[in-house]
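Subject: Handing over the structure

Hi,

Here is the structure I promised to pass on to you. Have a look at it first, and then read on for what turned up.

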Amino acid sequence: MDTGLNKKIVILGGDGFCGWPTSLHLSNLGHEVVIIDNLSRRNIDNELEAESLTPIQPMGTRLKVWEEVSGNKIGFYNIDIANDYSELLKVMNDEKPDVIVHFAEQRSAPYSMKSPKHKCYTVNNNLNTTHNVLCAIVESGLDIHLVHLGTMGVYGYGTAGMKIPEGYLDIEVKSETGERLNQQILYPTNPGSIYHMTKTQDQLLFHFYNKNDNIRITDLHQGIVWGTNTKETSLDERLINRFDYDGDYGTVLNRFLMQAAVGYPITVHGTGGQTRAFIHIQDTVRCIQLAIENPPAREERVMIFNQMTETHRVNDLAKLVSKITGGEIAYVSNPRKEAAENELHVENSLFLSKGLEPITLNTGLLQEVTKVAEKYAYRADYSKIPAKSTWTKQQQPGIPESGVLN
Ligand code: NAD
Ligand code: USQ
């Protein structure tokens, strides 16, 4: 384990929901943190006319307050990583990071399915950010450990009667002479949205650069993150983390907690039979720390961790939130194309072996999120709550089954 402090860590996407608390956590541990972010997530809020439920502060304020509170400086560059390759390379050459943590992608599945424009943006943005980072690491000649935030959704949400392994699948093939040979391959991908598809493509980019240039890469297949604040973001209200609740960016458990807190019916898609993997935001930041402290060796293949602590069925979460808060449940038609029901069993022993003590869903933590939502309920725009982005044309209201308009 590499616990050496004072690493130089560049956080790509450090203004976002996972990136901001991670930046503070790593800075608090004594690392020198520099953020690169083009603030595109804030611009998407402008486009959608939606806002974080919590009043997140401009980047300048966030950084000033963190310095006041902790005595630590965090650097910041506003760069579009997907489009400004030479600026990215310049920052790498100037800052010479030991580690890059890569959160900088368009991460909403519904946003990625909204229209052809949104599909193209998500593909261009996500694949180019990942490729530019890898290419710049090679060009810089520096031995940088890249830690990337991937998703559990690369596997799809089914099981072949076994736990989903951490990235690699053991297989047996039969040679021409009939000999049985054991191999390991990347677990077959099965994305459920354009967004998730970009994450499966990221895996190939990692595989190639790792094989060709020996880049040290850790890919974290993360489940749905819930909660809002961490130890560091709670230190001052101006450090508060983002809380998305709108139909495109709000994720299921935070949406349910927010909906119950503001008296809006809890929106279960279909029968709520979908089972998904979850992790609390405080564990997200801890997992990134553990990934940084346990880098792969120079010649090692891409290291893959399943970054999740538990699985839950959507309907069970709705019932739990309803029980705690008294909120009413509404079963709404599902705007997505996904299995109505699925089982999900996931291996996560790698992080446990590195010392993660998982925070699992408990009433106290759920109530903590509810309290945050109640505190800022006055900022909620109820018209932004319904999930309106559909996966196919046929699902759009007013579009006939054929998908062809007369
Ligand atoms: P977010 O949208 O809140 O943050 C992403 C940040 O990246 C934003 O601040 C955005 O401005 C920045 N960014 C995007 N494109 C950029 C570009 N071209 N140049 C510079 N900056 C850019 O998302 P998040 O919830 O913090 O997720 C971070 C990562 O974790 C994503 O890659 C996502 O796929 C992954 N992840 C998130 C969740 C979750 O539940 N939130 C779960 C699993 C995996
Ligand atoms: N759902 C509801 N009601 C809602 C919102 C969602 O029933 O109001 C359902 C969806 O239909 C889906 C499930 O809840 O079956 C999860 O939806 P989500 O929006 O919480 O999660 P998802 O779209 O999968 O995406 C989120 C993050 C993404 C990350 C992924 C991890 O936005 O960045 O990669 O979680 S995972 O799901 O494990 O692939």
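**Around ligand 2**

Let me start with a polar contact: the side chain of threonine 151 has an N or O atom 2.7 Å from an oxygen atom of ligand 2. Please keep in mind as you read that this is a predicted model.

Two other side chains make a similar approach. In tyrosine 157, a side-chain N or O atom is 2.8 Å from an oxygen atom of ligand 2. For glutamate 338, the distance from a side-chain N or O atom to an oxygen atom of ligand 2 is 2.6 Å.

How much of the accessible area of ligand 2 does the protein cover? On its own, ligand 2 has 740 Å² of accessible area, and the protein covers 96% of that. Three elements each give two or more residues to the shell around the ligand: helix α7 (194-213), helix α8 (252-262) and strand β10 (266-269).

The surroundings of ligand 2 comprise 23 residues, and those that come nearest are Thr151, Tyr195, Val252, Thr267 and Glu338. Sorted by class, this shell holds nine nonpolar, nine polar and five charged residues.

**A hairpin**

Next, please turn to strands β6 (residues 168-174) and β7 (residues 180-186). These two run antiparallel and are joined by seven bridges. Within the pair, aspartate 170 stands opposite glutamine 184 of β7. Five residues lie between the strands of this hairpin, where glycine 178 takes a positive phi near 90°.

**Empty space**

Rolling a probe the size of a water molecule over the atoms shows where empty space is left. How many cavities of 30 Å³ or more are there? The count comes to one. The largest cavity has a volume of about 40 Å³, and its lining consists of Phe17, Arg107, Phe243, Asp244, Tyr249, Thr251 and Asn254. By class, that lining divides into three nonpolar, two polar and two charged residues.

There are pockets to look at as well. The second largest pocket has a volume of about 170 Å³. Which residues line the second largest pocket? They are Leu48, Ala50, Lys114, Asp246, Gly247, Asp248, Ser383, Lys384, Pro386, Lys388 and Ser389. The lining of this pocket splits into three nonpolar, three polar and five charged residues.

Happy exploring, and best wishes!

Conventions:
Residues numbered from 1 in each chain as written. Chains lettered and ligands numbered in written order. Predicted model: local features only at pLDDT ≥ 70, side-chain atom pairs only at ≥ 80, totals over all residues. Heavy atoms only, no water. Near = heavy atom within 4 Å. Polar contact = N/O pair within 3.5 Å; in protein donor to acceptor, adjacent residues only side chain to side chain. Areas by Shrake-Rupley, 256 points an atom, 1.4 Å probe, with all protein chains shown as cover. Helix = DSSP H or I, 4+ residues; strand = E, 2+ residues; numbered from the N terminus. Nonpolar A, V, L, I, M, F, W, Y, C, P; charged D, E, K, R; others polar. Pairing = 2+ DSSP bridges. 1 Å grid on protein atoms, 1.4 Å probe; cavity = no way out; pocket = protein on both sides within 12 Å on 5 of 7 lines; lining within 4 Å. Points joined across faces, edges and corners; volume = space filled by probe spheres on them.
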